[in-house]
Amino acid sequence: MAREYPLEKYRNFGIIAHIDAGKTTTTERIMFYTGKTHRIGSVDDGTTVTDWMVQERERGITIVSAAVSAEWKGYQVNIIDTPGHIDFTAEVQRSLRVLDGGVVVFDAVQGVEPQSETVWRQADRYGVPRICFVNKMDRVGASYERTIATIIDRLGANPIPMQVPIGFESAFKGVVDLLTMTAWVWEDDLGREPKAIEIPADLKEQAEEARAKMVEKIAELDDDLTVKFLEAQEISVDELKAALRKGVIANKATPVFCGSSLKNKGVQILLDAVIDYLPSPADIPSIKASEPGNPDNVFELPARDDSPLSALVFKIVTDPYVGRLAYIRVYSGVLSQGQSVQNSTKGRKERIGRLIRMHADRREDITEIRAGDIGAVLGFKESFTGDTLCDSKSLVLESISFPEPVISIAIEPKSTSDQEKMGEALRKLAEEDPTFRVRSDENTGQTIISGMGELHLDIIVDRLLREFKVQANVGAPRVSYRESITKPVPEVNYKYAKQSGGKGQYGHVVFSLEPGERGSGIVFENKIVGGAIPKEYIPAIEKGFKEAAENGVLAGYPVVDLKITLFDGSYHEVDSSEMAFKLAASIGFKEGVQKGNPILLEPMMKVEVVVPEEYLGDVMGQINSRRGLIQGMDVRPGNAQAIRAMGAT
């Protein structure tokens, strides 16, 4: 089957922002104006397309990222609407990994907010080109200029304002496009047809000044244009667009647009900007892959249909009607229905069942997904988030890393009939969400679930009841502390010997412990020389150390961030076994950690509290009393202050 759209006419972008900046509302308008929906959904009424889960509609928040496909002016656009809450940060992270560009939405009243900073840093990490959309221009206290100032100040970005708003707050009715010097106003309620008018007389001077600044900033991105600018030559609109596109793709500049999604103003121009400035799969650098088992052998795969197949699974959804749905991004090659592919991460074969193009919760069957496109596959047995799919040429793409959970609660079924269902339901939810973990506490026999925050776990328990019909009791939340050591232990010598006639047990290990960098985890190094311990026992010793590290010596929390170096030991020809060495390592590790001045580590969160000025003292007192560290304060509009602090969870 021939390609429906050439590769240059694809745009894969995500809508990312702080909570309540208007991501889902903007996505709804995009769906309406591209003809994918025939009425505008509302977050407040619970009628949105991308927020399709019951919990999302009830709470008016986005919980899982949703992918929708649409068509705009002859271009195929794949849009991912992401959550804003920090609890669901993994959804943003995995979306950014597979996207080519991003639209960052800001609230015109609040400007840059804490989660805006988080998503901006995540986009920096993956090198995702961005354009900005200052939303809610119709709200009281909205300021386009102040929002741009906070983008420079707090994100260290290079924003280029592309528009001047016409009117502000409730009188906001349109924008002046500085490139073409045309004013656009939206007159009908649904905002279907923006109308081009003359620039209002009172804005002419301001628009000309703003255009001169914009031309200067765009000219700085291109050497040829800089020369033209300095020689005071006229620079055409096409030259400006081409230079800005290059600057955006190289992450040197971020064009800024404004509007009000709720009032249906400014969205069509934003869509035009996505096509004009965000990259197609052909514009971004070729994806790098490595040979399975040999991460040093790195090669590039161009985004072409005739390249070897490379695809990444970035999300798993359990659908009550059709089973497990895997969202994938195809980087090169073609994925066809009925094809057999290799999951190189797991070393397993998978057969492609149905291929689907998603329109949030509505599906369209397709026969293939080509290079640069995003789609979903039904019928995978072994493939999960972060896995690579390939065919003839064996290769592995860089996986997706996720943050560790910070809070845990105990959960138990209300009745014995719920017991079996609960285990299965928790397993399915853990498959979907890489930041949700389930484990069994060895000491109490309880099932412990861990996640990114109370809201995250609250949603999980709610989904258990609604989707899986499992009734459960939950305990009080517990913070996921960690343990570590503060001083090196040069030698731990432990011999495990049970020899009282007959086949005994004998394992002897000598190792050292050193504190590691934060986030390094448990690092094991084998420095045994001369066969003091046979090679076949080394994996058992490493397993003993890692299992012992799961329960610390202070309060039973996992031990992290230390390096174990095994350098000596001994064995017995008859009595030594893997079990004996594993026990020796396990018990020896506990003794060693005791000698290393163990400490308790607790998760810290970056917090921002916006408070009216009169309550500033009380709130600062509260933060200090909870062992928070105040890092600074900013003045906010409307007699408010923003307190920035680091706080223990």
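A residue counts as buried when its relative accessible area is under 20%. With that in hand, welcome to a short tour of this predicted model. Two places are covered here: the surroundings of Arg-154 in helix 5, and helix 9 with its partner, helix 1.

**Arg-154**

- Arg-154 sits in helix 5, which spans residues 144-155.
- The relative accessible area of Arg-154 is 19%, so this residue is classed as buried, given the cut-off of under 20%.
- A polar link runs from the side chain of Arg-154 to the backbone oxygen of Val-112, at 3.1 Å.
- Once neighbours within four places in sequence are set aside, the contacts of Arg-154 are Val-112, Glu-113, Pro-114, Glu-117, Glu-608 and Arg-636.

**Helix 9 and its burial**

- Helix 9 covers residues 267-277 and is mostly covered, with nine of its 11 residues buried.
- The buried residues of helix 9 are Val-267, Gln-268, Ile-269, Leu-270, Leu-271, Ala-273, Val-274, Ile-275 and Tyr-277.

**Where helix 1 meets helix 9**

- Helix 1 (residues 23-33) packs with helix 9 at an angle of about 85°, and their axes lie 10 Å apart.
- At that angle, helix 1 is therefore roughly perpendicular to helix 9.
- On the helix 1 side, the residues involved are Thr-26, Arg-29, Ile-30 and Tyr-33, and they meet Val-267, Gln-268, Leu-270 and Leu-271 of helix 9.
- Sorted by class, this contact between helix 1 and helix 9 comprises five nonpolar, two polar and one charged residues.

Note on methods
Residues numbered from 1 in each chain as written. Predicted model: local features only at pLDDT ≥ 70, side-chain atom pairs only at ≥ 80, totals over all residues. Heavy atoms only, no water. Buried < 20%, exposed > 50% of the residue type's maximum accessible area, 1.4 Å probe, protein only. Helix = DSSP H or I, 4+ residues; strand = E, 2+ residues; numbered from the N terminus. Polar contact = N/O pair within 3.5 Å; in protein donor to acceptor, adjacent residues only side chain to side chain. Contact = heavy atoms within 4.5 Å. Axes fitted to C-alpha atoms, helices over the stretch in contact; angles between N-to-C directions. Parallel < 35°, antiparallel > 145°, perpendicular 65-115°, else oblique. Nonpolar A, V, L, I, M, F, W, Y, C, P; charged D, E, K, R; others polar.
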